[in-house]
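Trainee: I've got a model open and a few labels I'd like to see justified. Can we go through them one by one?

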Amino acid sequence: MRKSRHFRLLARCRAERRLQGLRRRNQRNRQDEILRKALSYRTLLWRIPQSCRQVKDILFWKGFLQKLVWRLGDLEERVQAKQPPARPSFKTVAESPEEKQLVDSALNKHKLSRHPGEVICVRFNAEISRRHLSCLLPDQWVNDEIMNCYLRLLQEQSKGQLWCPSSFFWPKLEAGGHAAVHRWARRAAVDVAGCNAIIVPLHLEGCHWSLGVLEMLQRKILYMDSLGLPAPQQLQPRLIEYVAKEVPSLSGFDWPLSMINKTPTQQNTSDCGIFVLAYAERIAMGLPVRSVDGSPSGINHKVLK
């Protein structure tokens with residue numbers, strides 16, 4: 001009896017080690033894929049050295065480039081101060097003086113350095129401080145608090161037609177399947193069967209934002225990435241599993257995964273979160289995601305296996 005129990009424990013430990021090895025290998029492959037794509041989009045200013053083979057090396061190089069860009073920005077401001085301001089070629093959004101003053105105060109760098117933990121507002125039982133809002137400054141990465149708060153605002157405006165789970169939804173769904181997130185919809189008081197779409201933000205490897213969308217009416221899955229990277233391997237099966245368990249009447253459909261092409265793409269290493277928020281806003285408003293030249297985005301209906 002003891003020997004059989006010992007063998008079972010030994011087999012379980014071997015299986016767990018094998019599973020951990022597979023996860024580490026998939027993570028390394030994903031990081032290498034993000035690196036190769038970032039290298040293909042680099043410019044003369046944002047040229048990444050060939051020695052940067054890991055994400056942490058890219059982040060270190062990004063910090064150095066931020067300081068360089070800030071110095072160049074100061075020089076550009078001095079040059080522009082001697083020239084008359086150019087007339088903008090696009091229609092700006094009208095803001096009241098109170099709104100502009102509130103935004104300028106929230107993003108003030110001097111106040112951020114002195115009072116980073118000062119709470120600016122409280123939305124959806126979450127405190128948003130100056131440190132959270134500092135991710136909206138140039139060359140900063142959007143954090144989870146701002147991403148989740150903005151998506152909740154879109155969900156609130158949709159009046160029950162849209163559900164935007166937080167950025168922590170996908171890691172739990174990817175790791176544990178439906179069993180790990182089976183209470184999320186009930187706690188959010190959301191009827192999954194009555195939603196037109198479910199917008200799922202994906203924070204890949206903690207350094208890149210992308211967006212997955214469950215089109216409930218058309219019964220398909222959309223994936224949008226500002227770098228043009230392919231969808232995670234587990235995205236389609238996990239989302240299909242979740243829908244099948246939440247709405248049994250939709251369990252017999254194929255739910256093809258479509259990559260959205262001709263979408264606007266980022267030209268630097270920090271705007272992926274802003275692009276995801278823009279994608280989600282267009283979807284919530286029922287508008288097509290448009291490319292840089294203004295043409296509607298196309299959908300590649302080739303099923304990804």
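Trainee: What makes the lining of the second largest pocket nonpolar, polar or charged?

Mentor: Keep in mind that this is a predicted model. Leu, Val and Tyr are among the types that count as nonpolar, while Asp, Glu, Lys and Arg count as charged. Sorted that way, the lining splits into 16 nonpolar residues, four charged and no polar ones.

Trainee: Which residues are closest to the centre of that pocket?

Mentor: V103, L133, L136, Y150 and L153, out of 20 lining residues. The volume comes to about 650 Å³. Helix 3, strand 1, helix 6 and helix 10 each bring at least two residues to the lining.

Trainee: Why is strand 6 called largely enclosed?

Mentor: A residue is buried if its relative accessible area is under 20%. Five of the five residues in 220-224 pass that test, so the rest of the structure largely encloses strand 6. For the chain, 35% of the 305 residues count as buried.

Trainee: Which way do the residues of strand 6 point?

Mentor: K220, L222 and M224 go one way, I221 and Y223 the other, and all are buried. That fits the rule that side chains in a regular strand alternate between the two faces of the sheet.

Trainee: How do you know that strand 5 and strand 6 pair?

Mentor: Pairing takes at least two bridges. Strand 5 and strand 6 have five, in the antiparallel sense, so by that cut-off they count as paired. One of the bridges joins G212 to Y223. The two strands make a hairpin with four residues between them, and R219 in the turn has a positive phi of about 55°.

How values were computed
Residues are numbered from 1 along each chain as its sequence is written. This is a predicted model: local features need pLDDT of at least 70, side-chain atom pairs count only at pLDDT 80 or more; totals for chains, interfaces and linings use all residues. Side-chain values use heavy atoms; hydrogens and water are left out. Buried means under 20% relative accessible area, exposed over 50%, partly exposed in between (1.4 Å probe, protein chains only). On a 1 Å grid over the protein atoms alone, a cavity is a set of points where a 1.4 Å probe fits but cannot get out, and a pocket is an open set with protein on both sides within 12 Å along at least five of seven lines; lining residues have an atom within 4 Å of a point. Grid points are joined across faces, edges and corners, and a volume is the space filled by probe spheres set on the points.
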